[in-house]
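Let's take a walk through this protein together, looking at how its side chains meet. Keep the 3D view open as you read.

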Amino acid sequence: MLYYLFKWLHKAFDLPGAGVFQYISFRSAMAIITSLFISMIIGKRLINYLKWKQVGESVRDLGLEGQKQKEGTPTMGGLIILAAILIPTLLFAKLNNIYIILILFSTVWLGMIGFIDDYIKVFLKDKRGLAGRFKVMGQIILGVVVALTMYLNDSIVIREKVREQTLIPTTEVFKMEGGADKIKIFSKNPVKSTKTTIPFLKNNEFDYSSLLSWLGSGYRKWALLIFLPVVIFIIIAVSNGANLTDGLDGLATGTSAIVGVTLGVLAYVSGNIVFANYLNIMYIPDTGELSVYIAAFIGACVGFLWYNSFPAQVFMGDTGSLALGGIIAVFAIIIRKEILIPIFCGIFLAENLSVVLQVSYFKYTKRRYGVGKRIFKMSPLHHHFQLQGFHESKIVLRFLIVGIMLSILTIVTLKLR
């Protein structure tokens, strides 16, 4: 909103300083500052309100150290995160940008699903919360919306690189570094595409439609048959991964903040023709605007850590964890970096896999030997380390260090291929 206001003031009255709102870097900085301010101010008030309403966490006794002390800690703190993301984005982003519209819809949709789950647990006193099938159904609906929007909306395009000889010279073409015989340039004509990025490979663009090449000519028009289930799977996997990670004070929030920084870098360079050229990566017009959103996302996570770090004064609940994971998944899909998710979301992946392996191995051994055996002392993975005697703070800190290393590796993939 402020973007449009100051744009009008700059045009109509030539107001000194109003033009600075045209710059993504300035609006991103303002978004993260505003997000931090909102999360800290709203956070304290919401915690006091939740305490007054006696909205406390019911802790299932798993025999973990310090677990019973968490009983009664206010939950549904994800509302703080959602407010700290949405308000700065509405203030500083271009609201007619299709990517901003799509990511805002994803944020509200998943936040609503998580809120319903928490409401059932807290106010209706049903520890089961929202039935799992309804959560998955909500995630599937979001996946369908995201996939169809990206596939059908004419504003979601990429600029492909083509050989210079095939184009008439134009100021809208940007040359790459390299020998004269290998020079490629961005086409001035944007195209619809289901291409994505593969890490560690040269010419690292992969088109989902190529999996249907066996259908013969015209196979590209059936690309949605591959793209849709891939999008749905990614959203479900990452959203549930974040939900499973939310088991120790500050773990899910801190991990999400680190992932947010990584996504911010990837979005900015993908939406900037100069950096896209230098790094020899896919150029996606208008995705640079997502930097404003992800800045608010980072600020919201860091601000929430003020109250969520050990010992936590508030838990985010499913209101926050489902939304955080889903936001990360949708954001990565939008900037066509979803194949990098196993790297920069390595913590979420490890937590997810630990549960899958634990359950699968237990069922297999029980069926074969009559007695179920376990790979880990307990899953998700962070509880395994708790039972090994590690303090909660040490586990969280070490997981975050690993998360930082994975994020650096992700950014390095821009040039390491």
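Is Phe 105 buried or exposed, or does Phe 105 count as partly exposed? Its relative accessibility is 34%, so Phe 105 counts as partly exposed. One thing to keep in mind as we go: this is a predicted model.

Now look at who Phe 105 keeps company with. Phe 105 and Trp 109 make an aromatic pair, and the pair is stacked, with 5.9 Å from centre to centre and 20 degrees between the planes. That angle earns the label because planes under 30 degrees apart count as stacked. Both residues belong to helix 4, which covers residues 98–122, and they sit four residues apart, or about one turn of the helix. Trp 109 has a relative accessibility of 21%, so Trp 109 counts as partly exposed too.

For a contrast, jump to Phe 206 and Tyr 208. Their ring centres are 5.8 Å apart, but their planes stand at 80 degrees, so this pair is edge-to-face. The cut-off behind that label is an angle over 60 degrees. How buried or exposed are these two? Phe 206 has a relative accessible area of 22% and is partly exposed, whereas Tyr 208, at 6% relative accessibility, counts as buried. If you feel like hunting for others, the structure holds eleven aromatic pairs. Rings can also gather in a group: Phe 21, Phe 26 and Phe 92 form one aromatic cluster.

Rings meet charges here as well. Find Tyr 369, and you'll see the charged end of Lys 373 sitting over its ring, 5.1 Å from the centre. Then find Tyr 278, where Lys 415 lies over the face of the ring, at 4.7 Å from the ring centre.

Next come charges that meet other charges. How many salt bridges does a search of the whole structure find? The search finds eight. A good place to start is Asp 318, whose side chain meets that of Lys 121 in a salt bridge, at 3.8 Å from N to O. This pair links distant parts of the chain, as Asp 318 lies in helix 10 (residues 317–334) and Lys 121 in helix 4, 197 residues apart. Asp 318 is buried, with a relative accessible area of 7%, while Lys 121, at 30% relative accessibility, counts as partly exposed.

Asp 318 also forms a salt bridge with Lys 135, and there the closest N and O atoms are 3.0 Å apart. Once again distant parts of the chain are linked: Asp 318 is in helix 10 and Lys 135 is in helix 5 (residues 132–152), 183 residues apart. Lys 135 has a relative accessibility of 15%, so Lys 135 counts as buried.

One more salt bridge takes us to the strands. Glu 205 pairs with Lys 195, the closest N and O atoms being 3.8 Å apart. Glu 205 lies in strand 4 (residues 205–207) and Lys 195 in strand 3 (residues 195–197), ten residues apart. With a relative accessible area of 35%, Glu 205 is partly exposed. To finish, go back to Asp 318 and zoom out a little: salt bridges that share partners join Asp 318, Lys 121, Lys 135 and Asp 117 into one network.

Terms used: Residues are numbered from 1 along each chain as its sequence is written. This is a predicted model: local features need pLDDT of at least 70, side-chain atom pairs count only at pLDDT 80 or more; totals for chains, interfaces and linings use all residues. Side-chain values use heavy atoms; hydrogens and water are left out. Rings of Phe, Tyr and Trp (its six-membered ring) pair if their centres lie within 6.5 Å; planes under 30 degrees apart count as stacked, over 60 as edge-to-face and the rest as tilted. Helices (H or I, at least four residues) and strands (E, at least two) are DSSP runs, numbered from the N terminus. Buried means under 20% relative accessible area, exposed over 50%, partly exposed in between (1.4 Å probe, protein chains only). A charge sits over a ring if NZ of Lys or CZ of Arg is within 6 Å of the ring centre and within 35 degrees of the ring normal. A salt bridge is a side-chain nitrogen of Lys or Arg within 4 Å of a carboxyl oxygen of Asp or Glu.
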